Amino acid sequence: LSIADTSQKAEVLGRGISEAMYATAFGLVVAIVALAAYSILCSRSDEVLATSQDAGHRFINWIEQSERG
């Protein structure tokens, strides 16, 4: 940039800024998609965990009732 002509400096600088803006936009899109996927997967894993815990409690209660009866 220091050896470029004055008219070329603006063009080189503009290309650099443009590249940085595209990289930032791409990074934001990837981050937003990753955050949405993370949120969905956490919600689903919580549902699976709650269902399995409920099934485990019902199974233990069934075993305790069969031992008493």
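**Entry 1: a surface patch**

I started with the nonpolar surface. L13, I17 and M21 make a nonpolar patch of about 320 Å². I note here that the model is predicted.

I then looked up I17, a member of that patch. I17 lies in helix α1, which covers residues 6-68. Its relative accessibility is 49%. I17 therefore counts as partly exposed, since exposed begins over 50%.

**Entry 2: overall fold**

How many helices and strands does the protein have? I found one helix and zero strands. That helix is α1, residues 6-68.

Next I checked the dimensions. The C-alpha trace spans about 95 × 15 × 5 Å along its principal axes. I looked up the radius of gyration too, and the protein has 29 Å. A compact globule of 69 residues would have a value near 11 Å.

**Entry 3: burial and surface**

What share of the 69 residues counts as buried? I read 0%. Buried requires under 20% relative accessible area, so none of the residues falls below that cut-off.

I also took the total exposed area. The protein exposes about 6300 Å². Carbon and sulfur atoms supply 65% of that area.

**Entry 4: charges**

I turned to the charged groups. The protein carries 5 positive and 8 negative charges. I compared their mean positions and found them 2 Å apart.

**Entry 5: salt bridges**

How many salt bridges does the structure hold? I listed two.

I took R15 and E11 to begin with. Their side chains meet in a salt bridge, at 3.4 Å from N to O. Why can these two be placed about one helical turn apart? R15 and E11 are four residues apart in helix α1, so about one helical turn separates them.

I went on to D54 and R58. D54 forms a salt bridge with R58, and the closest N and O atoms are 3.4 Å apart. D54 and R58 are also four residues apart in helix α1, which means a separation of about one helical turn.

I checked the exposure of this pair as well. D54 has a relative accessible area of 41%, so I noted D54 as partly exposed. R58 has 54%, so I noted R58 as exposed. The cut-off between the two classes is 50%.

**Entry 6: recap**

I closed with a short summary. The protein has one helix and zero strands, and 0% of its residues count as buried. Helix α1 holds I17 of the nonpolar patch, the R15 and E11 pair, and the D54 and R58 pair.

Technical notes:
Residues numbered from 1 in each chain as written. Predicted model: local features only at pLDDT ≥ 70, side-chain atom pairs only at ≥ 80, totals over all residues. Heavy atoms only, no water. Patch = residues over 30% accessible without salt bridge, like charges linked within 9 Å, V, L, I, M, F, W, Y side chains within 5 Å. Areas by Shrake-Rupley, 256 points an atom, 1.4 Å probe, with all protein chains shown as cover. Salt bridge = Lys/Arg side-chain N within 4 Å of Asp/Glu carboxyl O. Buried < 20%, exposed > 50% of the residue type's maximum accessible area, 1.4 Å probe, protein only. Rg over C-alpha atoms; globule rule 2.2 N^0.38 Å. Lys, Arg positive; Asp, Glu negative; His and termini not counted. Charge placed at Lys NZ, Arg CZ, Asp CG, Glu CD.
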